[in-house]
Amino acid sequence: MDTRYTPEQEELRHTARRLARELGPHGVADLDDEKRKGRVAEAVRDAGWLELRHDAGDGAPLASGVEAAIIADALGEAVADVSFAGPVLAADLARRAGAAPIDEAVVAFASDLAGAAVVSGPTTESPAYAVDCPAKGAVAAYVLVPEGDDYRLAHVRVEAAADGSSADLTRAVRALPAGASVLPVADQTRLLTPADVDAFATLGLALTSADLVGLMRGVLDLSVGYAQERRQYGVQIGSFQAVQHLLAEARCLMEGAASAALYPAWAVDCLAPDEARTAGCVAKAYAARAARTVCETAVQVYGGMGNTWECIVHVYLRRALLSAQWFGDDGAQLQQLQRTRLGATHGLS
Amino acid sequence: MDFRDSPAEADFRRRFRVWIAENNPGLPSSSTDDEYWARQAEWHTALYDAGFFGLSWPVRFGGHDLPSVFDVILDEELAAAGAPPRPSLGYLVQGITTHASEAVQQRFLPGLISGRERWCQGFSEPDAGSDLASLRTTATRDGDDYVIDGHKIWTSYSDVADWCFLLARTDPSVPKHKGLSAFAVPMKQPGIEQFPLRMINGITKEFGQVAFDGARVRASNMIGEPGDGWRIAMTIVSHEREPGEVGYVARYAKTVKDLEATVRADPAAFRSDQREAVAWAYVQAEMLRLHVRRRLSERLDGPDHGPGGSIDKLLMTWTEQSVGAAALGLAGSRAVIDADDVALKIYLYGRAQSVMGGTSQIQKNIIATRILGLPVA
């Protein structure tokens, strides 16, 4: 038992953080800089990070969930406006179905964003959303088609939306067109079992939790820096215990979430799918609650400035709202734990 | 990164599981019942004699020289078996191994670790709580001895202790942090009077006050050098704040397991908010278990006496108080009708966690100034 990163993982973490810091937005105005956005997307692609969950040839992924989580954390820390978890999750799902991943594909989610969209007919009926799409162009969004207790993988074409803005200013959420054709994934060699879906959910919970941990670390660094600079009553506001205690609590929440988030990232490749998913539920429940509090603390420490569009802290808060919701927020995870651990059934009072 | 047991760890886990199945003392939780405190020494020596205590401490003092992560396994298996947590005295061991001379270590560590000699910790005083350095108990040199005069409070297990790890002022002429020294003071002597304290949940065997009136201690029982007291105290309290050192994770996990079993027996008998509180307590207890795994894994790089224990302490406090809230919520009216209700006792006992070992406010001051680097007010 040794939960420290390996030297290779430390190196990856170092590289990912440096890249995210260099190419990520340094201010809100940078979010409109298409050239910079192109550079960060290219850097992530060139690093091979979108292929981490591709098939290594033996059915196993090229890299473990830990590596994917290290990158998700680094990108969250810098609110890097680049598509990462979306395509990585799509490739993971395709690998589990024994299919070659469609280039730049993402996964379509049901309207609560908690799980992959399930479609039974020849066209989409209920609203569904492609989350964390690449910035430009049409993409394929995977959907699940029930077949007995299992699922067949299919996909839907999603065009680039003209005004597809979501709460998160750094990642795209696109609505699937209503009545769009559900297209086959011709080369799939296996049906996705409920265990596959659990494993996919675990990876989603691990990556969204890691993103939230990164967001907390990033926004906390900014807030501590601001508290050291901003002066009122002739002194730094960070010298007031009222402010110190808010930031100290935020640091603890970040550390607790970081400890919890390591486990599902490792477990997704090493534990039974149901056990791994429980680890994911725990991490996400903790990280989603923690991140909400930490980002709200950041807005508070920044005071009036924190409530302006120009101040970057709302970019963290907004991204945290999407990462919390994606694969289910704290309330959803606690409900899931009530079902799996407490024997509660859906619809119980 | 690997959360799995190594072959040696798996073997240890198996051996312990077999042993605890036969040797679970079946004690009530330490937070709810005097019986636990009455039989704690017995539990300590049983665990030690079977080779399952002091895992990461030096072999020459009765430990096993194992990596700290073995304590994670012990805590997990204790919780799984519904057994009491391991005795919490690692912070005293850390204080003595870090600061005491070889002679003092050889004299005191074997008895402390084996449980054959019982210890208490005399730091706080009625007028020196958070401001510990202002303490007024004095140790005055008299030949080969020091003479102790003063009053200590919150002295856990003082009534059964053979020794007190005492912090006293040896030099009143220097600034308050510099005039303190630490001693191993024999407790069974004239000049020491005990006043037990009853806690808010009714427990009487844990807490005490101790009056020292001309009690004597040999100068050779000093731990560290004269004036080292503050530094030694800070080593000790930094570890007293670590759940990995005190082993409370097992207590929380056991309580959560009991709460979950209660709900599972009849889920429809509870409101959704009651069940959600139990699920949240599980999340917190798991977070803390994983946090301890992370912190004890970091110790594989070597010990760290830094301020990180303050973060651990707040996470532990929030966990204990979430578990207490879940227990109280699940008990509902039962906890207010019956003063002996276990959930009521667990809940009330949990209030102390945000005070003992340094209040949550003091932990936040430490985190803000020493970890975040914010200016001292």
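**Domains, helices and a sheet in a two-chain prediction**

Mentor: Let's start with chain B, which is divided into domain 1 (7-96), domain 2 (119-225) and domain 3 (235-371); the bounds come from an automatic or database domain assignment. This is a predicted model, where local features need pLDDT of at least 70 and side-chain atom pairs count only at pLDDT 80 or more, while totals for chains, interfaces and linings use all residues. Residues are numbered from 1 along each chain as its sequence is written, and chains are lettered from A and ligands numbered from 1 in the order in which they are written.

Trainee: What makes up the contact between domain 1 of chain B and domain 2 of chain B?

Mentor: Two residues are in contact if their C-beta atoms, placed from the backbone, lie within 7 Å. On that test, domain 1 of chain B gives 8 residues and domain 2 of chain B gives 9 residues. On the domain 1 side, helix 2 (34-38) and helix 5 (90-99) of chain B are the elements that give two or more residues. That side divides into 6 nonpolar, 1 polar and 1 charged. Here Ala, Val, Leu, Ile, Met, Phe, Trp, Tyr, Cys and Pro count as nonpolar, Asp, Glu, Lys and Arg as charged, and the others, Gly among them, as polar. The C-alpha centres of the two domains, 1 and 2 of chain B, lie 28 Å apart.

Trainee: Why is helix 7 of chain B called largely enclosed?

Mentor: Two definitions first. Helices (H or I, at least four residues) and strands (E, at least two) are DSSP runs, numbered from the N terminus. A residue is buried if 20 or more other C-beta atoms lie within 10 Å of its own, exposed if 12 or fewer, and partly exposed in between, with C-beta atoms placed from the backbone. In helix 7 of chain B, 9 of the 12 residues are buried, so the label fits. Among them are Ile232(B), Ile236(B) and His239(B). The cover includes helix 5, strand 4 (163-169) and helix 11 (308-331) of chain B.

Trainee: How do you know that the span of helix 5 of chain A agrees with what it should be?

Mentor: The expected span is 1.5 Å times one less than the number of residues. Helix 5 of chain A (residues 194-229) has 36 residues and should span 52 Å; its end C-alpha atoms are 52 Å apart, so the two agree. Helix 7 of chain B (residues 229-240) also passes: its 12 residues reach 16 Å, close to the 16 Å expected.

Trainee: And what makes helix 5 of chain A count as largely enclosed?

Mentor: 28 of its 36 residues are buried, so the rest of the structure largely encloses helix 5 of chain A. Take Asp196(A), which sits in that helix. It has 21 C-beta neighbours inside 10 Å, so Asp196(A) counts as buried.

Trainee: Which elements of chain A give two or more residues to the side that touches chain B?

Mentor: The contact takes 43 residues from chain A and 44 residues from chain B. On the chain A side, the elements are helix 5, helix 6 (241-270), helix 7 (273-301) and helix 10 (330-342). Helix 6 of chain A has the largest share, 16 residues. By class, that side has 22 nonpolar, 15 polar and 6 charged residues.

Trainee: Why are strand 5 and strand 6 of chain A called edge strands?

Mentor: Two strands pair if DSSP finds at least two bridges between them. The 6 strands of this open sheet in chain A run in the order 5-2-1-3-4-6, with mixed pairing. Strand 5 (172-175) and strand 6 (183-184) each pair on one side only.

Trainee: How do you know that the pairing is mixed?

Mentor: Look at strand 1 of chain A: 2 bridges join it in parallel to strand 3, while 3 bridges join strand 1 to strand 2 in the antiparallel sense. Val107(A) stands opposite Tyr142(A) in strand 3 of chain A, and Phe109(A) stands opposite Tyr129(A) in strand 2 of chain A. Tyr129(A) also has Ala175(A) in strand 5 as a bridge partner. Strand 2 and strand 5 of chain A are antiparallel over 4 bridges.

Trainee: What makes Val79(A) and Asp132(A) worth a look?

Mentor: Most residues other than glycine have a negative phi. Val79(A), in the loop between helix 3 (65-77) and helix 4 of chain A, has a positive phi of about 35°. Asp132(A), in strand 2 of chain A, has one of about 65°. Val79(A) has 29 other C-beta atoms within 10 Å, so it is buried; Asp132(A) has 27, so it counts as buried too.
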